[in-house]
Amino acid sequence: MRELPSTAKAVIIGGGIIGCSTAYHLARLGWNDTLLLERKKLTSGTTFHAAGLVGQLRSSANITQLLGYSVDLYKRLESETGLGTGWKMNGGLRLACNEERWTEVKRQATTAHSFGLDMQLLSPEEARELWPIMNIDDVVGAAFLPTDGQANPSDITQALAKGARMAGARIFEDCGVLDLEIVEGKIKAVITDQGRIECETVICCAGQWSRQFAGRFGVNVPLVSMQHQYLITEPIEGVAKDLPTLRDPDRLTYYKEEVGGLVMGGYEPNPLPWAVDGIPEGFHYTLLDSNFDHFEDIMELSLGRVPALENAGIKELVNGPESFTPDGNFILGEAPELANFFVAAGFNAFGIAAGGGAGMALAEWVHKGEPPYDLWSVDIRRFGRPHFDTDWVRTRTMEAYGKHYTMAWPHEEHDSARPCRKSPLYDLLSSQGACFGEKLGWERPNWYADLGAGEVARDEYSFGHQNWFEAVAREHEAVREKAVLFDQTSFAKFSLKGPDALAALNWIAANDVSKPVGSLIYTQMLDDNGGIQCDLTIARIAEQEFYIVTGTGFATHDFDWIEKNIPAGMNAQLFDITSSNAVLSLMGPNARKILQQVTRDDISGDGFGFGTAKTIGIDGCPVLALRITYVGELGWELHLPVEYATSVYAALMAVGKNLGLINAGYRTIESCRLEKGYRAWGSDIGPDHTPVESGLGWAVKMKTNIPFRGREAVARQQRDGVNKMLACFSVDDPDIVLQGRETIYRNGERVGWLTSGGYGHTLKQSIGYGYIRNPDGVDQDYVCAGTYQLEVATLRVPCQVHLKPLYDPKMLKVRS
């Protein structure tokens, strides 16, 4: 028995495909003092019973790129290590059996084209040529991706493990991790059943055990175990070795070839959780009892597609637990709660497809302190307070599992585990017709039904204009012509204070926050590459005190970024005060007239200019009023203690009634911001984009001598130019619905895709934003010299390009 080393640069916990892939990539980056510890044997957790389908296309360009990296790695791994992997690039088919599904598939094909994948649309007959044993009576069409495939999960893991050893990593099986030694918030050692290993970096790839283990150290990993079943048949006549994988979402099933037979599994709408009270001690290389009764519905659905299954011999009905997450995406990155504790877990039954790329990305994250590209959709910091409760996580995860193959509708909301976090106005707004959406547990009004006209406050999903289209048009008109009130209590709100608060924030923020007390600063926070890590608003409310406001879903991420970037030795403390304040946003041409009637404070243009903040009194409440807008109209965000929310709301509505004041929701905000050209973090801007590329250079303090993180990268781009530039696109055809990810063509050549899309009700046009790319450089002249088309559900439509906002109230002589 080998002796366990007493020190290591990094320790990886878990010997499944993710752990072995991370070890492989970390060792190849020079971290050959890396240990991988597996409590039993490699693959013995859940990897050994994975189905092994490898698909690439996702709704995120970068996750698609990550999965594409897996494919490239699996192609070469056998020749590199000498171990077979079972990799076959036999392609992947996806069926559509009704017109709405066909629309979804066509939109997916366009997304694939946007991301550089050759997804081909096929007729039912062409699909059957690739998959001869299927019945196509109900098939409308199909999509085929030639570069998809399948692999043997255990073989590919062993090959990765060998590759890791070849690069210098060491792997120890039958070595259980018992504890971490943490001193003053820093990892010092890993304690195992074979001894202590001194190290400063721990990488948790423990699969379904990750939540329980990480939770012991205050780290939140929102995943739960679910039962997942698939059957393996005896050989079936007509099943060729190169048969493509097949996904049949309308029948909730998937298929792959296995030794001349089939593997068939599915995602039932009534899934079964597992290990609700904890994973049994010593559980490894173990399957659960087959549940034929529960699998019966999936079996019935499959027989309609593959009649040969009715007479096929069944080798086994595999029932293996897998870890799933509340949003169906895996979890990657450094834990915000504990420095140098990294997580890769919760792969939602596509760990084999993601394994190669996820290991690569996490290894780079460990090595460089940042991922190779924006991975927000899988970032561990996308979660928040509700995700600490395992029952909440399980309830939402069961819904997400059940929706795995249901239609992926635009703007679809989850129904489970709601309501959770509520504004003080929730019940009142609900009675007034609010249709709520949910983000990070918060209930937020998306739009308001006209109850008097018989409208119902419920979303009805489609790929066209949905049932709230006219309601948003009403609210949008009120924003532009009268006034509206948005309940934005869910905003994340932080307080930074201390003797060095100004110095710390001026280092972290790209804009100048040393403006006078009472100033309101819109700013980005950049990484060393100039990538936009945060996009937020800062009010300087005292010499060394700042009030920071950011988006609801970015609470954990932005708090973590700010806190970790306070320079060492500086005395500045960051507090999350989100739950302390409600936010009412009063917006529209009549906003000043309304606000003036409820406060004695001077809110005139001279007394309360744009980009300023001050405390005013309303109905006995001290209100921090921020003169800012995200809809392109005169307005204020009113931040106030939660206990005053209902009275201040009532006061505003009472005086605003005669001035046309109405409630409005987040879908109206989105429509208005598209017209005004405001960027949205997580889509239009993020770590892959810089202020120069996204047209936000005006918000960077380059004319000062104040140092800030990312300054050198911004200066370099200002000097040397950029290879991509954000532009606006408009389409005149009212039937064209833009949602994001539509392909951008310039002079007939693919140059990018839309990062966001929607409808501008003032302009009566579909509007989208996206980056125009050119490796030889992009400037305004290059953008404006092109003729453009957008590919929407595989159809190319003409569009216009713009570099200035489509709507500007100043040009319309609205507002002073």
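1. A good place to start is a single contact between two strands: Val583 has His639 as its bridge partner in β32. This contact belongs to a longer pairing, in which strand β29, covering residues 581-587, and β32 run in the antiparallel sense and are held by seven bridges. It should be kept in mind throughout this note that the model is a predicted one.

2. Strand β32 also pairs with a second strand, β31, which spans residues 621-627, and here the antiparallel pairing is made over four bridges. Within it, Ala625 finds its bridge partner in β32 at Leu638. As for its surroundings, β32, which comprises residues 635-641, is mostly covered, with seven of its seven residues buried.

3. Elsewhere in the chain, three strands make an open sheet whose order is β9-β10-β11 and whose pairing is antiparallel. Since β9 (177-183) and β11 (195-198) are the edge strands and each has a single partner strand, one side of each is left without a neighbour in the sheet. On average, and with direction ignored, neighbouring strands of this sheet are turned by 25 degrees against each other. The antiparallel pair formed by β9 and strand β10, residues 186-192, is joined by six bridges, and one pair of bridge partners to look for is Asp179 with Ile191 in β10.

4. A second open sheet is built from six strands in the order β8-β2-β1-β12-β20-β19, and its pairing is mixed. Here the edges are taken by β8 (170-172) and β19 (331-334), each with a single partner strand, so that one side of each has no neighbour in the sheet. The average turn between neighbouring strands of this sheet is 15 degrees, direction ignored. At the β8 edge, strand β2 (residues 34-37) runs parallel to β8 and is joined to it by three bridges, with Leu37 having Phe172 as its bridge partner in β8.

5. How many cavities of 30 Å³ or more does the structure hold? There are two such cavities, and the largest of them contains about 40 Å³ of space. Its lining is made by His228, Gln229, Gly266, Glu268, His294, Phe295 and Tyr401. Both β13 (224-233) and α7 (292-305) supply at least two residues of this lining, which by class consists of two nonpolar, four polar and one charged residues.

6. The second largest cavity holds about 30 Å³ of space. The residues that line it are Ser423, Trp442, Glu443, Arg444, Pro445, Asp487, Gln488, Thr489 and Ser490, and strand β22, residues 442-448, gives the most to this lining, with four residues. Sorted by class, the lining of this second largest cavity has two nonpolar, four polar and three charged residues.

7. Turning to aromatic rings, a search of the whole structure finds 23 aromatic pairs. One of them joins Phe213 and Phe217 in an edge-to-face arrangement, with 5.2 Å from centre to centre and 70 degrees between the planes, and both Phe213 and Phe217 are buried.

8. Another edge-to-face pair is formed by Trp376 and Trp681, whose ring centres lie 5.3 Å apart and whose planes are 75 degrees from each other. Why does this pair tie together parts that are 305 residues apart in sequence? The reason is that Trp376 lies in the loop between α8 (351-368) and α9 (390-402), whereas Trp681 lies in the loop between α16 (666-676) and α17 (711-720). Trp376 counts as buried because its relative accessibility is 16%, which falls under the cut-off of 20%. Trp681 likewise counts as buried, at 8% relative accessibility.

9. Ring pairs also link Tyr254, Tyr267, Phe324, Tyr401 and Tyr405 into a cluster. The reader may recognise one of these names, since Tyr401 is also listed among the residues that line the largest cavity.

10. A last residue worth finding is Gln466, which lies in the loop between β22 and α11 (469-481). Is Gln466 buried or exposed? With a relative accessibility of 6%, Gln466 counts as buried. Gln466 and Pro410 are 56 residues apart in sequence, while in space they lie 9.2 Å apart, taken from C-alpha to C-alpha.

How values were computed: Residues are numbered from 1 along each chain as its sequence is written. This is a predicted model: local features need pLDDT of at least 70, side-chain atom pairs count only at pLDDT 80 or more; totals for chains, interfaces and linings use all residues. Side-chain values use heavy atoms; hydrogens and water are left out. Two strands pair if DSSP finds at least two bridges between them. Axes are lines fitted to C-alpha atoms, for helices over the stretch in contact, and angles run from 0 to 180 degrees between N-to-C directions. Buried means under 20% relative accessible area, exposed over 50%, partly exposed in between (1.4 Å probe, protein chains only). On a 1 Å grid over the protein atoms alone, a cavity is a set of points where a 1.4 Å probe fits but cannot get out, and a pocket is an open set with protein on both sides within 12 Å along at least five of seven lines; lining residues have an atom within 4 Å of a point. Grid points are joined across faces, edges and corners, and a volume is the space filled by probe spheres set on the points. Ala, Val, Leu, Ile, Met, Phe, Trp, Tyr, Cys and Pro count as nonpolar, Asp, Glu, Lys and Arg as charged, and the others, Gly among them, as polar. Rings of Phe, Tyr and Trp (its six-membered ring) pair if their centres lie within 6.5 Å; planes under 30 degrees apart count as stacked, over 60 as edge-to-face and the rest as tilted.
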